[in-house]
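Trainee: I should like a close look at one part of this model, namely its charged side chains and the way they pair or gather. Please set them against the fold in one connected account.

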Amino acid sequence: MRKLSVITFAAILLWTASCSVRAQNIGLYEKTPKIKTESWLHGYVPPKSEFTYIGFVHTSSVPCINSIRKISGFAERSGRLGIIIVTKESEKSLGGWAEDFASGRSGVICESGSIFDRFGVKYAPFGVIIDSRRKALWFGNPRQLTFEKLVELMEQNQ
């Protein structure tokens with residue numbers, strides 16, 4: 001009986017590990033998928049930046065909204081980070097807060113399930129920091145990102 005429990009536990013552990021490996025399609029310092037879309041909020045496409053934070057969000061989620069506001073503060077302090085917000089929702093269903101990010105160095109992409117799929121994003125909030133060549137410098141839960149870590153990434157990858 002104990003041997004069966006151990007085997008069952010090992011099988012569950014292996015299955016869980018294989019699922020998490022498939023949970024994202026990017027690797028550090030590898031090129032990320034291109035973001036081609038015509039679904040920019042208000043048609044506003046932000047200018048290219050030296051570094052870009054791509055934030056995958058659900059626009060009615062408080063943790064997602066808070067993470068974007070936090071990263072926006074980082075971007076303002078650094079002066080070198082653009083922001084692209086990616087959401088599956090349509091422009092009509094976006095919360096009013098998203099309007100603030102369709103100008104300056106940030107933009108919002110609506111109805112972008114295909115971008116979620118190409119990046120392999122399964123949960124939100126999720127973020128990716130890329131350089132100007134689209135190489136991933138950091139990815140994960142934006143709540144784990146600090147301003148100090150962002151500055152370190154930018155300094156190491158100038």
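**Charged side chains and the fold that carries them**

Mentor: The chain contains four helices and five strands. Read from the N terminus, these elements follow the order α-β-α-β-β-α-β-β-α. The model is a predicted one, and every value below is computed from it. Of the chain's 158 residues, 42% count as buried.

The interior gives the frame for the charges. The largest nonpolar core has 28 residues, and the members that touch the most others are Tyr-53, Ile-85 and Ile-129. Two or more residues of this core are given by each of strand E1 (51-57), helix H2 (62-78), strand E2 (81-87), strand E5 and helix H4 (147-156). Helix H2 supplies the largest share, with six residues.

Turning to the charges, the structure holds three salt bridges. In one of them Arg-80 pairs with Glu-50, and their closest N and O atoms are 3.0 Å apart. Arg-80 sits in the loop between H2 and E2, while Glu-50 sits in the loop between helix H1 (2-21) and E1, so this salt bridge ties together parts that are 30 residues apart in sequence. Arg-80 has a relative accessibility of 23% and therefore counts as partly exposed. Glu-50 is also partly exposed, because its relative accessible area is 37%.

Another salt bridge joins the side chains of Arg-133 and Asp-131, with an N to O distance of 2.8 Å. Asp-131 has a relative accessible area of 5%, so Asp-131 is buried; the cut-off for buried is under 20%.

The remaining pair is Lys-149 with Glu-152, whose closest N and O atoms are 3.9 Å apart. The criterion for a salt bridge is a separation within 4 Å. Both residues belong to helix H4, and because they are three residues apart there, about one helical turn separates them. Lys-149 is partly exposed, with a relative accessible area of 31%, and Glu-152 counts as partly exposed at 37% relative accessibility. Helix H4 thus carries this pair and is also one of the elements that give two or more residues to the nonpolar core.

Charges also gather in surface patches. Lys-31, Lys-34, Lys-36, Arg-118 and Lys-135 form a positive patch. Of these, Lys-135 is located in the loop between strand E4 (126-131) and strand E5 (136-140). Its relative accessibility is 30%, so Lys-135 counts as partly exposed.

A negative patch is made up of Glu-91, Glu-99, Asp-100 and Glu-111. Glu-91 belongs to the loop between E2 and strand E3 (106-109). With 37% relative accessibility, Glu-91 counts as partly exposed.

One further charged residue deserves a place in this account. Arg-69 is part of helix H2, the element that gives the largest share of the nonpolar core. Arg-69 itself is partly exposed, because its relative accessible area is 46%. Its C-alpha atom is separated by 9.6 Å from that of Phe-101, although the two residues are 32 residues apart along the chain.

To draw the pairs together: the salt bridge of Arg-80 and Glu-50 links two loops, whereas that of Lys-149 and Glu-152 stays within helix H4. The pair of Arg-133 and Asp-131 includes a buried partner, Asp-131.

How values were computed. Residues numbered from 1 in each chain as written. Predicted model: local features only at pLDDT ≥ 70, side-chain atom pairs only at ≥ 80, totals over all residues. Heavy atoms only, no water. Patch = residues over 30% accessible without salt bridge, like charges linked within 9 Å, V, L, I, M, F, W, Y side chains within 5 Å. Areas by Shrake-Rupley, 256 points an atom, 1.4 Å probe, with all protein chains shown as cover. Lys, Arg positive; Asp, Glu negative; His and termini not counted. Charge placed at Lys NZ, Arg CZ, Asp CG, Glu CD. Buried < 20%, exposed > 50% of the residue type's maximum accessible area, 1.4 Å probe, protein only. Core = buried A, V, L, I, M, F, W, Y, C linked by side-chain atoms within 4.5 Å.
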